[in-house]
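Please walk through the protein shown here, starting with its charges and overall form and ending with a few local details of the backbone.

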Amino acid sequence: VSDKTPMLTCLLEGGAGSGKTAMAATIAIKSQFPFTKLLTADGFIGASEVAKCQALAKLFDDAYKSPVSLIVLDDIERLLEYVSIGPRFSNVVLQALLVLLKRQPPPGRKLFVIGTTSLPMVFEEMGLNQAFNVSLHVPMLSLGETTEVLTQLNAFASDEIPQACQALEALMG
């Protein structure tokens, strides 16, 4: 985000479990922006389309109150209630999201939005990929790469890293 670009949007796409959410959360934490918010579908279980749209609009309005803000929209296809059978999704929420992602912040305000998805092809069909300035593929890590990441993060004692990698592999199935 710069003076010439008051709003930057980035889509992280990759397979389930590739670390998109972890990467977005790490960026949010390290940014130390005065306003950072992670929005997940968990908070919208049972919510109507109107309630989702109102919450999205409020989130962006709250972000505009800070000089520099970061919003993470995690697992966007879940926010849109996308299912491949049909296919079915909430067009009302999609249209609200498209408007919000294209609307420029007020003068003197800067906004960085990171979205995550496991379904980039669906985003193309919906036209949602065009709302993002940048799209980055997040590949699955090999065991060696996972070991290296955990080592560099100092997240575990060196003797605990093999066990942590095994646990991660078990989660990935």
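**Charges, fold and local geometry**

The protein carries 13 positive and 17 negative charges, and the mean positions of the two sets lie 13 Å apart. This and every other value here comes from a predicted model.

The secondary structure consists of seven helices and five strands. Their order along the sequence is β-α-β-α-β-α-α-β-α-β-α-α. The radius of gyration is 17 Å, close to the 16 Å given by the globule rule for 173 residues, so the protein is as compact as a globular protein of that length. The C-alpha trace spans about 50 × 45 × 25 Å along its principal axes.

How do the contacts and the surface fit into this picture? Of the contacts between residues at least 6 apart in sequence, 81% join residues at least 24 apart. Buried residues account for 35% of the 173 residues. The accessible surface amounts to about 9,900 Å², and carbon and sulfur atoms contribute 58% of that area.

Next come the aromatic side chains. The structure holds one aromatic pair. Its members are Phe-60 and Tyr-64, arranged edge-to-face, with 6.5 Å from centre to centre and 65° between the planes. The angle is over 60 degrees, which is why the pair counts as edge-to-face. Both residues belong to helix α2 (residues 49-64), and because they are four residues apart there, about one helical turn separates them. Phe-60 and Tyr-64 are both buried.

The backbone has some local features in its loops. Gly-86 and Pro-87 are joined by a cis peptide bond, with omega at about -25°. Pro-87 sits in the loop between α3 (76-79) and α4 (91-102). The loop between α3 and α4 also contains Glu-81. Glu-81 is a residue other than glycine with a positive phi, near 60°. Its relative accessible area is 27%, so Glu-81 is partly exposed, a class that runs from 20% to 50%.

A positive phi is found in Gln-32 as well, at about 55°, although Gln-32 is not a glycine. Where along the chain is Gln-32 found? Gln-32 lies in the loop between α1 (20-31) and β2 (35-39). Is Gln-32 buried or exposed? Gln-32 has a relative accessibility of 70% and therefore counts as exposed, the cut-off for that class being over 50%.

Conventions:
Residues numbered from 1 in each chain as written. Predicted model: local features only at pLDDT ≥ 70, side-chain atom pairs only at ≥ 80, totals over all residues. Heavy atoms only, no water. Helix = DSSP H or I, 4+ residues; strand = E, 2+ residues; numbered from the N terminus. Rg over C-alpha atoms; globule rule 2.2 N^0.38 Å. Buried < 20%, exposed > 50% of the residue type's maximum accessible area, 1.4 Å probe, protein only. Contact = heavy atoms within 4.5 Å. Areas by Shrake-Rupley, 256 points an atom, 1.4 Å probe, with all protein chains shown as cover. Lys, Arg positive; Asp, Glu negative; His and termini not counted. Charge placed at Lys NZ, Arg CZ, Asp CG, Glu CD. Phe/Tyr/Trp six-rings, centres within 6.5 Å; stacked < 30°, edge-to-face > 60°.
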